[in-house]
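Please follow the explanation below with the sequence and the model side by side. It begins with a single helix and moves outward from there.

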Amino acid sequence: MTDRRPKVVGFCCERHGMDAAVLAARSGRQYDASVRVIQVPCSGRVDGLHILKAFEDGADAVFVIGCLEKNCYYDTGSIEGRKRVEYVKGMLAELGIEKERVEMFNAASTNAWAFPEAASKMVEVAKRLGPLDMGGDTR
Amino acid sequence: MTNQVLVVGGGPAGLTVAKTLVDRDIQVVLVERTESLGGMARELTCKGLTECRNCGVCFAMDRAGELLREPGAEVFLLSEVVSAQRTGDGYKVKVKSSPRYVTDDCTGCGKCVEACPVDGKAVFAPTGSGQPRIHWIDRTKCLHFKKGKCDACASACPTKAIDFDDRAKSVTRDVSEIVYATGIRAVDACEVSRLGCGTFADVVSSVDAERILNEKGRLVRPSDGRPPKRVAVLQCVGSRSVKNGVEYCSKFCCKYATKISQMMIDTDPELNLDFYFMDLRTLYEPQDEFKAWAKGKKTVRLLRSMPAAVSQGPDGTLLVRAATETDTEVQETAYDLVILSVGMRPHGAKDALAGQLGIGADSFGFAVADRELEKAGVFVAGAVSEPMDIEEAAVRAVATGSRVSGRRRGTQ
Amino acid sequence: MSSGRIQVVICRCCTESPKLLDIAKLEAAANDAELVMSVKVVDEICDGKAVVDVAREAAEKEIDRAVVLACHKRDVSPALLKAYRRAGIDRSMVEFVNVREEVVLPHVDDPEGAQKKAETKLKAALGRVTMLVPLLTETEEMRTKNVVIIGAGVAGMAAAEAAARAGAHTVIIEKSSRSVKAPGILMSNTRLVATKGTPGNYELTIMAGEKTEELECAAVVVATGGGWNSLKGPLAKASKDAVPLYKLSEMLQAGHAPKGPVVIVDTPDPTGKSLKVMDFAWDEALMTAIDVKKKHPQTEVFMLFQEMRAFGLSEITYKEAAELGIRFVRYDRTGVPKVDPKDPTKMTVTDLAQGELLSVRLGTLAFAAIPANPDNRDIADALRIPMTAEGGLRRGGIQRWPVATPRPGIFVCGSAVFPKSADAARAEGEAAGSMAAAYASKGTVEYGGSVAQVAQEKCSACLTCIRTCPYEAPYIGTANKVEIRRQLCQGCGICAGICPSKAIELLHYTDDQIQQETRTMLGGDF
């Protein structure tokens, strides 16, 4: 359990979220392999349930990355995604878990820096706060 | 009538015309002078942190990536249209492409640039977020060509993408219409030497500021790489000025500068930012919106004033000398970063090709194409014809594309 | 429940560029996996021969779903999906794993981590593809080729011409009795009341004079213009003869001499308390002022403003105006223009440049302000399109193209969106008209695929999805439970993400599918 690699999950929208990740990859940007990218059609698809289950299944930090608000491919999707993340932050606080373990980011397709920065921020949070280890038989 | 249309220029306008035509089943030959598509938009940054600020940069760059995947579009990079001869009902165009020396096995990793021994480098990444993400070599700087030896980049490349045997190519295409969209160049901030660009490291043009933001996501001082604490943004540098020959208003600079300012405050809410301007010409935004935003930020000041000079201050600061709004005093305020918002000049309207096609240029260098020229199949699109931002260039390009399409249908 | 006959394709071009992964191990892992009937390692999946070979084996082994380890699915040659379709595999059953840009390129310094990640992604993709069900799409004919244009102003006319030029049948609806030459049918004294229907098959309810009519169309262009006539505020109230700028231009064009001094003020409400102005017609105001000065050199002309928003080449007009002796007076909120209530021909304003109170005789007073068109609210409600904070009609995000709204087939242009010069409005109209015509010319609308689906027994009719969907796809059906209008659903899944009863699933991105992927990825040791 000590010194195990952090486990970070990033829910990434299929549009500008993924475009930003791809541009970063095509610009030689690197990020920690422990970041697992789960593609969704829109960051608004992400349910608080998915984030909480990710924590249950071993994630130490979870982020959601979507298009910039007001430029979401699906109009209000990334605004909804952010609401979901804020909601989960509230739940984590009630459970006595650090709110920083979940975060929302927005990116445009031209930002090569955005995805690696989000990834490295969450890896840093996971390392600093340590493994969450929610336990249970789901792992 | 052939099914092909030539688009000269791969910036926001050229890309949007090309996509509009391809969507209407018209084949496009797009010729771009530089190594990647996107034009000025490549170096500009998205100006939103969480919320879109409508700069249009992502729109242009999305079109760039998209066009490269369109089977109906043939894209020539590092290329120029050498001649356009009028034929029966169209033009025979000759396109000359310079060798890139890097194949599409390139992954954009940049190890070649690290390995290149030339001062200032001879191999380059695509400009900004330009597409495709393939590097290129400038043979006039490259030791392999100048001295006959040096394989540093080839050895460093993990996918063996360097190809010194690449050759220039020449092709001809028969096209029925030509769309001229050669775009703009930023005014060089150093032209206004009293404002310190070129003298002080921490005086940057807005284009440089955007380039840094696009690459790093943060604006840092060029001198020491630290984030700034007190920033001055100066508008209309080189625009609205008889002296610099850019008498017109470049139209988009207030829009971009206010949004860069907003992004900088988003990133660092403690940043002190002074915005010096003449008239607040925030495009497509009510005139009070930026003022209302600034009022809500304790560290932002709007100063209606055109600074006279930037000089060295104590402790490495920069002093901006300006008359206050009521013009009874001259003040010098210290900053650690100065951003000069530069305007633009049209580019390419006086080129030989433009002349060959009958495209005129007005006294400012903007391209002129009238309805007669369009009847002959020559169209002009984008900011080469008049000042406009990316969104307007895109809208007008759709309109141009529809006229090209209409001409082909004989309903012009 | 796992089922299927899976083919795994590993493309070396994508996964070995640069060489980081052990392809043999990936191949072995694929071969060992349940339900995998065929594993093909190819040098380049975009190569025609490779596609033929892969598809042939897929047909032979009766494959019904595939996992392709390559690059981004949009970069893989469309020939692969075409060949798969001929071999009986629906494109919705082909899962692309972007090994190149999600595993190899970002982790070049961590070959061990990249290898484990690639193997885990393969495992997750196999798990996901066994859960997939082929997606069904439907097509609907567009019953008409009509493009309806609302507004016969500058933008509307340009839209009509562009749409007609592109082969559409144009119907222009104009609220005034103005008669203009237009391609197609012009209906004067006509307003839009309501809209029904789905993209490509809209049914507009219009009021033509006193009569209510139904009008079917494939696409709509909204070109309702700015609120030129809705000027109100202290200056308009105090000066009964004040006119909007366009009336001053009309007066000059008709050959009338305006009574001097001519004073053009930016807004009748300088403090912005009662009138929200979107922007000002400064280019027109400058040209009108120059027109006055050229025709009547003795007439004094003043322009009072807070910001002189003379964009682009209008700056040259500004210079010309100043050179002709037109007086420019900048003011701010500390010294706004006021009309003396006792003497409505006297206007005072604090000239910022002089720092003094300026007193001007009012011969003709005109305003350059363009507030939002008060009709926009009704149009937005009728067409179900969004508005801006200033009261204009807004386009969708720029990502979805300018002049487009979130409703497919409905476009907005001109000063209805935000005030602009006649030339710019014309260009927007042309763009919108041509896009509307292109949409209408498709003749059919395709919908379905990865759309939302409601398990009605779980639905508690809380209306959350209805309030959240940007496209109004969910509605309360006859069973008092939510149903999804497939023609409107764009597959974002916002409803599925927010439904508190978990009654809505998004096909191809169900909760189970997302959780399976997440759990598998977290299970990998990297």
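What span should the 12 residues of helix H7 (residues 154–165) of chain C have at 1.5 Å a residue, and how far apart are its end C-alpha atoms? The model is a predicted one, and in it the expected span is 16 Å, because a helix is reckoned at 1.5 Å times one less than its number of residues, while the end C-alpha atoms of H7(C) lie 17 Å apart, which agrees.

The surroundings of this helix come next. H7(C) is mostly covered, with 12 of its 12 residues buried, and the buried residues include C:Glu161 and C:Arg165 as well as C:Val154, C:Met157 and C:Ala163. Within chain C, these buried residues pack against strand S6 (146–150), strand S7 (169–173), strand S12 (219–222) and helix H13 (422–441), and they also pack against helix H11 (390–408) of chain B. Just after H7(C), C:Gly167 takes a positive phi of about 95°.

From here the path leads to the nonpolar core. The largest nonpolar core has 360 residues, of which B:Tyr180, C:Val147 and C:Ala436 touch the most other members, and H13(C) supplies the largest share of this core with 11 residues. Leaving aside residues up to four places away in sequence, C:Val147 touches C:Ala163 and C:Ala436, and its other contacts include C:His169, C:Thr170, C:Cys217 and C:Val221. In soluble globular proteins, nonpolar side chains tend to be buried together.

On the scale of the whole chain, the domain assignment divides chain C into domain 1 (6–135), domain 2 (146–227 + 373–444), domain 3 (234–369) and domain 4 (449–507). The C-alpha centres of domain 3 of chain C and domain 4 of chain C are 54 Å apart.

Chain A is touched by both of the other chains considered here, beginning with chain C, where 40 residues are in contact with 41 residues of chain A. On that side of chain C, two or more residues come from each of helix H5 (99–104), helix H6 (111–131), helix H15 (494–498) and helix H16 (511–523), and H16(C) gives the largest share, eight residues. By class, this side of chain C has 17 nonpolar, 14 polar and nine charged residues.

For chain B, 19 residues are in contact with 17 residues of chain A. Helix H2 (57–68) and helix H6 (206–216) of chain B each contribute at least two residues to that side, with H2(B) giving the most, four residues. The side of chain B that touches chain A comprises six nonpolar, eight polar and five charged residues.

Conventions: Residues numbered from 1 in each chain as written. Chains lettered and ligands numbered in written order. Predicted model: local features only at pLDDT ≥ 70, side-chain atom pairs only at ≥ 80, totals over all residues. Contact = placed C-beta atoms within 7 Å. Nonpolar A, V, L, I, M, F, W, Y, C, P; charged D, E, K, R; others polar. Domains from an automatic or database assignment. Buried ≥ 20, exposed ≤ 12 C-beta atoms within 10 Å, placed from the backbone. Core = buried A, V, L, I, M, F, W, Y, C linked by C-beta atoms within 7 Å.
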